[in-house]
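Q: Please take a close look at one part of this structure, and explain to a first-year student how its charged side chains are placed and paired. Please then go on to the parts around it.

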Amino acid sequence: MTRTLDLLERKPGVRCCDASARPTLTFDEATSIAADFDMLAHPVRLQLLDVLARNEGRVCVCDLESAVPVKQPTVSHHLRLLREAGLVESERIGVWAHYRVNRERLAGMRQRLVDRLKDLT
């Protein structure tokens, strides 16, 4: 059985697709959400956040270094990224840095991601 399809001539400037096939996110919103996912998309950062979130108060960097399977410079790198993202805070006590999770910032990130993921379902 042979079917014949009519070809429509497309004119410049005329869309052939549904006009609703547009993102609901602005590029800046998508960039912000991608940055949130990127910050969480490393197993060492997730492990560090896990340790910090389960411990009220401060955790010494020496304990964080022993909690993850990477060397100290790598731990420092991931802690710096988490600190720059505002997800953790640190203070120096003696020779050691102590870290704590910024629960307000972490909750804000979680809510943004949950809200966007709900929109995708």
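A: Glu91 counts as partly exposed, because its relative accessibility is 30%; buried means under 20% relative accessible area, exposed means over 50%, and partly exposed lies in between (1.4 Å probe, protein chains only). The model is predicted, so local features need pLDDT of at least 70 and side-chain atom pairs count only at pLDDT 80 or more, while totals for chains, interfaces and linings use all residues. Residues are numbered from 1 along each chain as its sequence is written, and side-chain values use heavy atoms, with hydrogens and water left out.

Glu91 belongs to strand 2. Helices (H or I, at least four residues) and strands (E, at least two) are DSSP runs, numbered from the N terminus. Apart from neighbours within four places in sequence, Glu91 is in contact with Arg58, Trp96, Ala97, His98 and Arg100; contact means heavy atoms within 4.5 Å. Val44 is 47 residues from Glu91 along the chain, and the C-alpha atoms of these two residues are 21 Å apart.

Two of these contact partners reappear in a network of salt bridges that links Arg58, Glu89, Glu91 and Arg100. A salt bridge is a side-chain nitrogen of Lys or Arg within 4 Å of a carboxyl oxygen of Asp or Glu. In general, side chains of opposite charge can pair when their charged atoms come close. Within the network, Glu89 and Arg100 form a salt bridge in which the closest N and O atoms are 3.2 Å apart. Glu89 lies in strand 2 (residues 88-93) and Arg100 in strand 3 (residues 96-101), so this pair ties together parts that are 11 residues apart in sequence. Both residues are partly exposed: the relative accessible area is 31% for Glu89 and 28% for Arg100.

Arg92 is also found in strand 2. At 60% relative accessibility, Arg92 counts as exposed. Its C-alpha atom is 20 Å from that of Lys71, which is 21 residues away along the chain.

Beyond strand 3, the loop that leads to helix 5 holds Asn102. This residue counts as buried, since its relative accessibility is 16%. Asn102 touches Gly86, Leu87, Val88 and Glu89, if residues up to four places away in sequence are not counted. Glu89 thus appears both in the salt bridge with Arg100 and among the contacts of Asn102.

The loop is followed by helix 5, where Arg116 and Asp119 meet in a salt bridge (3.1 Å, N to O). The two residues are three places apart in helix 5, which means that about one helical turn separates them. Arg116 is partly exposed, at 22% relative accessibility. Arg116 also takes part in the meeting of two helices: Ile33, Asp36, Phe37, Met39 and Leu40 in helix 1 meet Met109, Arg112, Leu113, Arg116 and Leu117 in helix 5. Helix 1 (residues 27-40) packs against helix 5 at an angle of about 115°, with the axes 10 Å apart. Axes here are lines fitted to C-alpha atoms, for helices over the stretch in contact, and angles run from 0 to 180 degrees between N-to-C directions.

Phe37 and Leu117 also join Leu120 in a nonpolar surface patch, with about 310 Å² of accessible area together. Patches are made of residues with over 30% relative accessible area and no salt bridge; like charges are joined within 9 Å, and nonpolar side chains (Val, Leu, Ile, Met, Phe, Trp, Tyr) within 5 Å. Accessible areas come from the Shrake-Rupley method with a 1.4 Å probe, and for residues only the protein chains shown count as cover. Leu120 lies in helix 5 (residues 103-120) and is exposed, with a relative accessible area of 69%.

Helix 2 provides a further charged pair. Arg54 and Asp50 meet through their side chains in a salt bridge (3.3 Å, N to O). They are four residues apart in helix 2 (residues 43-54), so about one helical turn lies between them. Arg54 is exposed, at 58% relative accessible area, whereas Asp50 is partly exposed, at 39%. Leu48, in helix 2 as well, is buried, with a relative accessible area of 0%. Leaving aside residues up to four places away in sequence, Leu48 touches Leu64, Val68, Val75, His78, Leu79 and Leu82.

The pairs described here belong to a structure in which a search of the whole finds eight salt bridges.
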